[in-house]
Amino acid sequence: MRIDVVTIFPEYLEPLNVSLVGKARARGRLDIHLHHLRDWTTDVHRTVDDTPYGGGPGMVMKPEPWGAALDAVLERGAEELAGRGLGEGAVPTLVVPTPSGRPFTQELAQRLAAEPWLAFAPARYEGIDRRVIEEAADRMPVVEASIGDYVLAGGEVAVLVMVEAVARLLPGVLGNAESHRDDSFAAGAMADLLEGPVYTKPAEWRGRAVPEVLLSGNHGLIARWRREQAFRRTLAMRPDLVGRWEKAAFDKHDRKA
Ligand SMILES: COC(=O)c1ccnc(N)c1
């Protein structure tokens, strides 16, 4: 997967060089290119923002630098991907992190993980001039996504979240290929349930023993206990998900009947 990020704070994305994402890059699973938005400004002050039409607080990111930056991203990326035989005229899916976007969920992460090329447009200030997103949508898929109901100073932190959530789903990135099978929110038997408690050695620690069932070696009992624990945790922490899970479980049973 190729990932391009256009930003005025490339240093914010340094964490993409370490740990899981860093290893994926070193193994050639991920090819990440950072682009400094100010490289596409034309004035001596390298200005990327201006006052909002219609008045109001803060500043808005100007369309010209973004338009030129996205042109360059598409040109360079298409050349590189064509060189790898990934179809002439390939375009990225443009991901715009914004508090006014659709929820960034495990399902959306799975969808993005299936794409060969993603481009991220993190905004600062009050956001990017709307015409940039509209013009981009004329030439590539655009996904505006929020990582939660809160506002950040800039979208770069959301890019880190989204890239990590996507990268860990790429083949060969997580050590144990099954690791994300039972993730919270993953598809499959634990779909829509939160992950239950996990334990490791020692069997007793500060007077607290690991639940007996996990030491039993009875995989059927262990699987049932884990599902029950996941359901309890979901009921406690995210009762809103229980309805979805019950429906999915019912539909599955109903289909069998
Ligand atoms: C500037 O970007 C944000 O504030 C942002 C981006 C994505 N998700 C959010 N919840 C906020």
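This report covers the confidence, domains, ligand site and backbone details of one predicted model.

**Confidence**

The chain has a mean pLDDT of 92. Of its residues, 90% reach 70 or more. The scores for the model are ipTM 0.99 and pTM 0.90. Where pLDDT is low, predicted coordinates should not be read in detail.

**Domains**

The domain assignment splits the chain into two parts. Domain 1 spans 2-167 and domain 2 spans 185-256. Taken over C-alpha atoms, the centres of domain 1 and domain 2 are 36 Å apart.

**The start of the chain**

Strand 1 covers residues 2-7, and strand 2 covers residues 31-36. The two strands pair in the parallel sense, with six bridges between them. Within this pairing, Thr7 stands opposite His36 of strand 2. Between the two strands the chain passes through helix 1, residues 19-26. This β-α-β crossover is right-handed.

Helix 1 also holds a backbone feature. Ser19 lies in helix 1. Its phi is positive, about 55°, although Ser19 is not a glycine.

**The ligand site**

Around the ligand stand 14 residues. The closest are Ser146, Ile147, Gly148, Tyr150 and Leu152. Three of these residues have an N or O atom at the distances listed here.

| Residue | Atom of the residue | Atom of the ligand | Distance |
|---|---|---|---|
| Ser146 | side-chain N or O | nitrogen | 3.2 Å |
| Ile147 | backbone N or O | nitrogen | 3.0 Å |
| Leu152 | polar backbone atom | oxygen | 2.8 Å |

How much of the ligand does the protein cover? On its own, the ligand has 310 Å² of accessible area, and the protein covers 96% of that.

Which strands supply the shell around the ligand? Strand 5 (93-103) and strand 7 (142-146) each supply at least two residues. Strand 5 gives the most, with three residues.

**A cis peptide bond**

Further along the chain, the peptide bond from Lys201 to Pro202 is cis. Its omega is near 5°. Where does Pro202 lie? Pro202 sits in the loop between helix 5 (156-167) and strand 8 (204-205).

**In short**

The ligand is 96% covered by the protein, and strand 5 contributes three residues to the shell around the ligand. At the start of the chain, strand 1 and strand 2 run parallel and are joined by a right-handed crossover through helix 1. Two backbone details deserve a look in the viewer: the positive phi of Ser19 and the cis bond from Lys201 to Pro202.

How values were computed. Residues are numbered from 1 along each chain as its sequence is written. This is a predicted model: local features need pLDDT of at least 70, side-chain atom pairs count only at pLDDT 80 or more; totals for chains, interfaces and linings use all residues. Side-chain values use heavy atoms; hydrogens and water are left out. Two strands pair if DSSP finds at least two bridges between them. Helices (H or I, at least four residues) and strands (E, at least two) are DSSP runs, numbered from the N terminus. A crossover is right-handed if, with the strands pointing away from the viewer, the path from the first strand over the helix to the second runs clockwise. pLDDT is the predictor's confidence in each residue, from 0 to 100. Domain bounds come from an automatic or database domain assignment. A residue is near a molecule or strand if one of its heavy atoms lies within 4 Å of it. A polar contact is a pair of N or O atoms within 3.5 Å; within protein, one must be able to donate a hydrogen and the other to accept it, and residues adjacent in sequence count only if both atoms are side-chain atoms. Accessible areas come from the Shrake-Rupley method with a 1.4 Å probe; for residues, only the protein chains shown count as cover.
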